[in-house]
Amino acid sequence: MAETKKVDQLKHQKVKNIHLLMINKKERARGVGMNTDLSIMRLIPTQREELFDFFVRPDLLEMWDYPEGMSLKVPVLVPRAGGEFRFEYTGENKSIVLLGNIKEFMPGTKLADVCDVLDQNGNKIFGNLETYYTFSEKPGGTLVTITERGFPDEKSKVEWEKVWNQCLDRLGSLFRNREVFGTL
């Protein structure tokens, strides 16, 4: 009798564990319990207002805001709160489009936007990616802090972080090499 009770308890515990695993799998799929926010900071050797322009002017964005192996065209960017934007990233075998709206626009200080990320066929890779930018004067330049929320999973966050590092390295190089190339 005691053995039957013990077997029943083990079966009950096994069912309970399977149920918990299923719940955890569903929560992970929704991002529950995962930190998929990205935060990156970089000191860029220039004044705050000038750096801000490199985040809101299409001609300047196209100089630095693209991953290795791709280029950027910005056919639409209305630099104001409520303004729309469209960024088109093109590479040899891949293209990505960001479609979004500027949520907050404080020249020289702060930007915030929300966008959808689409593949080359117009299918949504993920949506409602929120990006917050702050610009703070520091000795040696301007500290830009970029925080992004809304990645569907850790893999997407890690890939995006790699791209941001490539882009910010390129942006920093533009300002560090200013003496060689003249003014921007």
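This section describes the fold, the packing and selected residue environments of a predicted model.

The protein contains five helices and seven strands. Read from the N terminus, the succession of elements is α-β-α-α-β-β-β-β-β-β-α-α. Of its 184 residues, 36% are classed as buried. Where contacts link residues at least 6 apart in sequence, 47% of them join residues at least 24 apart.

The seven strands assemble into an open antiparallel sheet with the order 1-7-6-5-4-3-2. Its edges are formed by strand 1 (38-44) and strand 2 (70-77), each of which pairs on one side only. The average turn between neighbouring strands of this sheet is 20°, direction ignored. Helix 2, residues 48-56, packs on the sheet and touches strand 1, strand 2, strand 4 (95-106), strand 5 (110-118), strand 6 (124-138) and strand 7. The direction of helix 2 makes about 165° with that of strand 6.

Within the sheet, strand 1 is joined in the antiparallel sense to strand 7, residues 141-149, over seven bridges. Arg42 has Val144 of strand 7 as its bridge partner, and Leu43 is partnered by Leu143 in strand 7. The side chains of strand 1 alternate between two faces. Leu38, Ile40, Arg42 and Ile44 point to one face and are buried, whereas Ser39, Met41 and Leu43 point to the other and are not buried.

Strand 6 is connected to strand 7 by nine bridges, and the two run antiparallel. These strands form a hairpin with two residues between them, and Gly140 in the turn adopts a positive phi of about 95°. Glu137 has Thr142 of strand 7 as its bridge partner. Strand 5 also pairs with strand 6 in the antiparallel sense, over eight bridges, with Leu111 standing opposite Tyr133 of strand 6. The hairpin of strand 5 and strand 6 has five residues between the strands, and Gly122 in this hairpin takes a positive phi near 85°.

Thr142, located in strand 7, illustrates an interior position of the sheet. With a relative accessible area of 0%, Thr142 falls under the 20% limit and is therefore buried. The side chain of Thr142 reaches the backbone oxygen of Thr46 at 2.7 Å. Leaving aside neighbours within four places in sequence, Thr142 is in contact with Arg42, Leu43, Ile44, Thr46, Gln47, Arg48, Leu51, Phe135 and Ser136.

Val76 lies in strand 2 and is partly exposed, because its relative accessible area of 32% falls between the limits of 20% and 50%. Outside the four places on either side in sequence, the contacts of Val76 are Glu84, Phe85 and Arg86. Val76 and Arg86 are ten residues apart along the chain, and their C-alpha atoms are separated by 5.1 Å.

Helix 4, residues 154-176, lies across strand 1, strand 5, strand 6 and strand 7, and runs at about 10° to strand 1. At 1.5 Å a residue, the 23 residues of helix 4 should span 33 Å, and the separation of 32 Å between its end C-alpha atoms agrees with this value. The N-terminal end of helix 4 is capped by Asp153, a side-chain oxygen of which lies 3.3 Å from the backbone nitrogen of Lys155. The buried residues of helix 4 are Ser156, Lys157, Trp160, Trp164, Gln166, Cys167, Leu168, Arg170, Leu171, Gly172, Leu174 and Phe175. An α-helix has 3.6 residues a turn, so residues three or four places apart point the same way.

The largest nonpolar core comprises 39 residues, and those with the most contacts inside it are Phe55, Trp64, Trp164, Leu168 and Leu171. Helix 4 supplies the largest share of this core, namely seven residues. When neighbours within four places in sequence are set aside, Trp164 is in contact with Leu38, Ile40, Trp64, Asp65, Tyr133, Ile146 and Glu148. Of these contacts, Leu38 and Ile40 belong to the buried face of strand 1.

Conventions. Residues are numbered from 1 along each chain as its sequence is written. This is a predicted model: local features need pLDDT of at least 70, side-chain atom pairs count only at pLDDT 80 or more; totals for chains, interfaces and linings use all residues. Side-chain values use heavy atoms; hydrogens and water are left out. Two strands pair if DSSP finds at least two bridges between them. Helices (H or I, at least four residues) and strands (E, at least two) are DSSP runs, numbered from the N terminus. Axes are lines fitted to C-alpha atoms, for helices over the stretch in contact, and angles run from 0 to 180 degrees between N-to-C directions. Contact means heavy atoms within 4.5 Å. The expected span of a helix is 1.5 Å times one less than its number of residues. Buried means under 20% relative accessible area, exposed over 50%, partly exposed in between (1.4 Å probe, protein chains only). A polar contact is a pair of N or O atoms within 3.5 Å; within protein, one must be able to donate a hydrogen and the other to accept it, and residues adjacent in sequence count only if both atoms are side-chain atoms. A nonpolar core is a set of buried Ala, Val, Leu, Ile, Met, Phe, Trp, Tyr and Cys residues joined through side-chain atoms within 4.5 Å.
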